[in-house]
Amino acid sequence: MKALRYLNKYFLKYRKLLIIGVLLTVIARLFSLQVPRMVGDSLTEVETYLSNADEFSGNIQNVLLINILIILAAALLSGLFTFWMRQCIINVSRYIEFDLKNEVFSHYLRLTQRFFKNNRTGDLMNRVSEDVSKVRMYFGPALMYSINTITLFVVIIVYMFSVAPQLSAYTIIPFPILSILIYKLSKRINIKSTRVQEMLSKMSTFTQESFNGISVIKSYRIQQRMEKSFDAMTHQNYERSLDLAKIQAWFFPLMILLIGCSNLIVIFIGGKKYIDGTIDIGILAEFIIYVNMLTWPVALVGWITSIVQQSEASQERINQFLKEVPEIKNGVKSLNTKKPSIRFQNVSVIYPETKVKALENISLDIPYGQTFGIIGKVGSGKTTFLNLIPRLFDPNHGTVKLNNADVKKLNLNSLRNLIGYVPQQSFLFSETIEDNLRFGKNDASFNELVKATKNALVHHNIINFKDGYKTLLGERGMTLSGGQIQRISIARALLKNPKVLLLDDCLSAVDSETEEVILSNLKRLRKNKTTIIVSHRITTVQEADFIIVLDKGKILESGNHQQLLDNNRYYHELYQKQNN
């Protein structure tokens with residue numbers, strides 16, 4: 001249970017409710033234990049009455065009636081306290097599930113893009129849903145029934161030894177055997193539970209990718225191949241789950257067998273003692289009821305053990321990600337300037353996974369208010385250049401500065417509040433168009449939304465939709481065209497009215513006429529902004545104040561549009577190709 005130690009902080013957080021739950025459990029069990037005692041007393045009274053009917057002076061009917069009333073009252077009170085106990089402990093398990101899911105999700109958000117590139121989405125989703133749900137069972141049913149079982153065992157065993165020590169000693173002989181069997185089986189359950197959870201993650205990833213790539217699957221007519229692959233995975237999951245179920249299936253029969261042995265011992269040894277006259281019939285009846293009261297809790301030991309082992313396996317998988325340390329450390333310095341300039345000093349970036357050098361010894365200045373263009377082939381380092389400014393990751397060497405302040409020392413919120421970023425692969429959430437736009441500015445008025453969408457030349461598309469700005473988008477905005485997604489992403493960035501505007505090839509899916517209008521609007525809006533535009537098309541960057549051409553992470557040439565044409569190198573060649 002090493003992995004589950006991480007959850008001790010939640011025990012401390014909700015300790016008051018848990019302590020109340022434990023106390024209520026003890027009280028409920030104490031009331032329930034009055035029933036066997038009253039049954040035993042009643043049988044003893046009846047035996048005494050039958051043996052000495054002539055001499056018996058008491059009213060047997062009154063005695064039995066009082067005992068019956070006590071039994072009913074004890075049962076009702078036990079049920080009432082059990083209800084309150086469940087309200088405490090089961091509710092706590094839901095609180096902890098809520099906290100743990102939020103903790104895992106918050107930790108995901110703090111991790112860098114490299115983490116998400118190296119881990120599959122389905123696996124990440126499975127850990128925050130399936131694995132957390134398994135862990136909740138440890139805090140809820142497992143904890144509740146464990147307390148219930150321990151309380152019953154302690155109270156019943158202590159009482160049994162106080163009444164008939166020798167008979168009690170014989171009765172508990174099967175329990176050490178039970179402990180050994182549980183230990184052996186629980187180790188195998190832990191291993192098999194981990195394998196089942198890993199398979200569920202693999203299936204989640206496969207289905208998520210299949211749904212996202214459904215257009216590719218259909219266009220290439222590979223539905224049957226995907227069905228066969230999924231069938232193979234489900235069959236493997238079936239086999240692993242069946243292996244786990246076979247191990248778990250041993251618990252209940254073993255519990256019942258051992259409890260049955262205890263019953264036989266009570267009847268045999270207790271019967272002999274009753275014949276010998278060393279114990280009353282009531283004591284023998286009490287012992288039989290007590291042993292049978294232990295049947296369900298003891299049978300639950302196997303189920304509880306199974307839950308704990310599955311929770312251990314799931315928490316271990318969760319801990320693997322919670323131990324991931326974010327590469328981006330938040331700085332403490334605030335950037336209060338309203339006119340940020342950007343400086344790259346000897347910046348180099350090497351991707352550790354591929355050892356590819358994305359940028360090599362880049363040094364340049366981008367004054368505030370300037371429009372900066374970046375042209376280059378695929379893989380030349382253009383997107384990497386942009387990602388360094390909002391610190392989506394850090395360079396291996398060199399520094400990136402805003403107003404002579406190293407971005408690594410700046411508070412991330414302070415830094416990113418200045419920046420509006422339209423990524424190369426525009427992403428829209430499965431919300432309404434209005435909600436997606438408000439990611440740029442949550443308190444924006446409707447007029448501000450309209451103004452931003454008009455500047456991005458998408459307002460006329462939106463108002464033609466049946467629900468207008470209230471139109472609910474499909475996953476990743478799949479109900480829109482590629483050009484509409486890009487333009488809504490641009491509008492979202494413009495709505496923020498940032499001081500630094502980063503546009504990463506965000507007009508690739510629009511036609512040349514639409515691009516011209518959007519660029520004209522941007523030219524008007526970027527007067528009080530530092531704008532960096534990345535593109536493959538010269539028409540997108542030719543109005544920029546300064547342009548660099550990147551090739552294999554190095555600056556191949558730089559200058560304004562006319563200067564680059566006069567150089568008669570790559571930029572000039574590309575211009576000729578794109579204008580012929």
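1. Helices (H or I, at least four residues) and strands (E, at least two) are DSSP runs, numbered from the N terminus. A pocket, on a 1 Å grid over the protein atoms alone, is an open set of points with protein on both sides within 12 Å along at least five of seven lines; a cavity is a set where a 1.4 Å probe fits but cannot get out; lining residues have an atom within 4 Å of a point.

2. This is a predicted model: local features need pLDDT of at least 70, side-chain atom pairs count only at pLDDT 80 or more, and totals for chains, interfaces and linings use all residues. Residues are numbered from 1 along each chain as its sequence is written, and side-chain values use heavy atoms, with hydrogens and water left out.

3. The second largest pocket holds about 350 Å³ of space, a volume being the space filled by probe spheres set on grid points joined across faces, edges and corners. It is lined by 21 residues; Y351, G379, G381, T383 and T384 are the closest to its centre. Helix 5 (113-118), strand 2 (356-366) and helix 14 each supply at least two lining residues. By class, six are nonpolar, nine polar and six charged. Ala, Val, Leu, Ile, Met, Phe, Trp, Tyr, Cys and Pro count as nonpolar, Asp, Glu, Lys and Arg as charged, and the others, Gly among them, as polar.

4. Helix 14 (residues 382-388) also carries F385, whose aromatic partner F372 sits in strand 3, 13 residues apart. Their ring centres are 6.2 Å apart and their planes at 10°, so the pair is stacked. Rings of Phe, Tyr and Trp (its six-membered ring) pair if their centres lie within 6.5 Å; planes under 30 degrees apart count as stacked, over 60 as edge-to-face and the rest as tilted. The whole structure has 19 aromatic pairs.

5. Strand 3 belongs to an open, mixed sheet of six strands, ordered 6-7-8-3-9-10. Two strands pair if DSSP finds at least two bridges between them. Strand 6 (419-422) and strand 10 (554-559) are the edges, each with a single partner strand, so one side of each lacks a neighbour in the sheet. Strand 9 (residues 546-551) runs antiparallel to strand 10, joined by five bridges. One of the bridge partnerships links I547 to G559 in strand 10.

6. The search finds one cavity of 30 Å³ or more. The largest cavity holds about 40 Å³. Strand 8 (residues 530-535) gives the most to its lining, three residues. Among the lining residues are L503, D505, I533 and T540.
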